[in-house]
Amino acid sequence: MINFNKMNLKDLPLTIPVFPLSNFIIFPKTAVPLNIFEPRYIDMINDSINSNKLIGMIQPKNFNKENPELYKVGCLGKITHFKKSAENRYLIELKGIIRFQIRNEIDIKKSYRTYEVDYQNYLEDLDNKKENL
């Protein structure tokens, strides 16, 4: 089991499912609530809950609903809480861990998109020091 308070680069997956969401950003060390209702993202959450509970969040560059072009930097998050509703929706809490840079899209024959990612430029996100405000 991964300890997210003491995570190292070697603990991070190199391939992650990615959830593109317009007008929404998650940052490392923050937690956000999400209401997941689109069938392909329900599939992604089901798969994630049954594995490592990790998904990437990223901004799309355009509003092509099926396959939008994505910005190159997003944030890996861990699903820390989830509840499936009677309407077949998920209410989840996602905690940001580390930013990533997209390398390549991986075709895994799923309804959602998966990418090979690199965390190298953002390793300071794993530092547990408190920020001065």
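The side chain of S48 reaches the backbone nitrogen of L54 at 3.1 Å. This comes from a predicted model. S48 belongs to helix α1. The briefing below starts there, then turns to the salt bridges and the strands around β5.

**S48 and its surroundings**

- S48 is buried, because its relative accessibility of 2% falls under 20%.
- Setting aside neighbours within four places in sequence, S48 touches K53, L54, I55 and I79.
- L54 thus appears twice: as a contact of S48 and as the owner of the backbone nitrogen that the S48 side chain reaches.

**Salt bridges**

- How many salt bridges does the count come to? The count comes to 9 salt bridges.
- Side chains of opposite charge can pair when their charged atoms come close.

*D47 and K110*

- D47 pairs with K110 in one of these bridges, with 3.2 Å between the closest N and O atoms.
- The link spans distant parts of the chain, as the two residues lie 63 residues apart.
- D47 sits in helix α1 (residues 39-49), while K110 sits in the loop between β5 (90-106) and β6 (113-118).
- D47 is partly exposed, at 29% relative accessibility.
- K110 is also partly exposed, with a value of 44%.

*E69 and K61*

- A salt bridge joins the side chains of E69 and K61, at 3.5 Å from N to O.
- E69 counts as partly exposed, at 45% relative accessibility.
- K61 is partly exposed too, with a relative accessible area of 39%.

*E105 and R113*

- In the salt bridge of E105 with R113, the closest N and O atoms are 3.0 Å apart.
- Is R113 buried or exposed? R113 is buried, because its relative accessible area of 11% is under 20%.
- Its partner E105 is partly exposed, because 42% lies between the 20% and 50% limits.
- Elsewhere, R99, E124 and D125 are joined into one network by salt bridges that share partners.

**Strand pairing around β5**

*β2 with β5*

- Strand β2 (residues 31-36) runs antiparallel to β5, and 6 bridges join them.
- I36 stands opposite Y90 of β5.

*β4 with β5*

- Strand β4 (residues 73-84) pairs with β5 in the antiparallel sense, over 11 bridges.
- F82 faces I92 of β5 as its opposite residue.
- β4 and β5 form a hairpin, with 5 residues between the strands.
- Which residue in the turn of this hairpin has a positive phi? N88 does, at about 60°.

*β5 with β6*

- β5 and β6 run antiparallel and are joined by 5 bridges.
- Y115 in β6 is the bridge partner of E105.
- E105 therefore has two partners here: R113 through a salt bridge and Y115 through strand pairing.
- The hairpin of β5 and β6 has 6 residues between the strands.
- K109 takes a positive phi near 60° in this hairpin.
- K110, the salt-bridge partner of D47, lies in the loop between β5 and β6.

**Points to carry forward**

- Helix α1 holds both S48 and D47.
- S48 is buried, whereas D47 is partly exposed.
- The salt bridge of D47 with K110 ties helix α1 to the loop between β5 and β6.
- Strand β5 pairs with β2, with β4 and with β6, antiparallel in each case.

Technical notes:
Residues are numbered from 1 along each chain as its sequence is written. This is a predicted model: local features need pLDDT of at least 70, side-chain atom pairs count only at pLDDT 80 or more; totals for chains, interfaces and linings use all residues. Side-chain values use heavy atoms; hydrogens and water are left out. A salt bridge is a side-chain nitrogen of Lys or Arg within 4 Å of a carboxyl oxygen of Asp or Glu. Helices (H or I, at least four residues) and strands (E, at least two) are DSSP runs, numbered from the N terminus. Buried means under 20% relative accessible area, exposed over 50%, partly exposed in between (1.4 Å probe, protein chains only). A polar contact is a pair of N or O atoms within 3.5 Å; within protein, one must be able to donate a hydrogen and the other to accept it, and residues adjacent in sequence count only if both atoms are side-chain atoms. Contact means heavy atoms within 4.5 Å. Two strands pair if DSSP finds at least two bridges between them.
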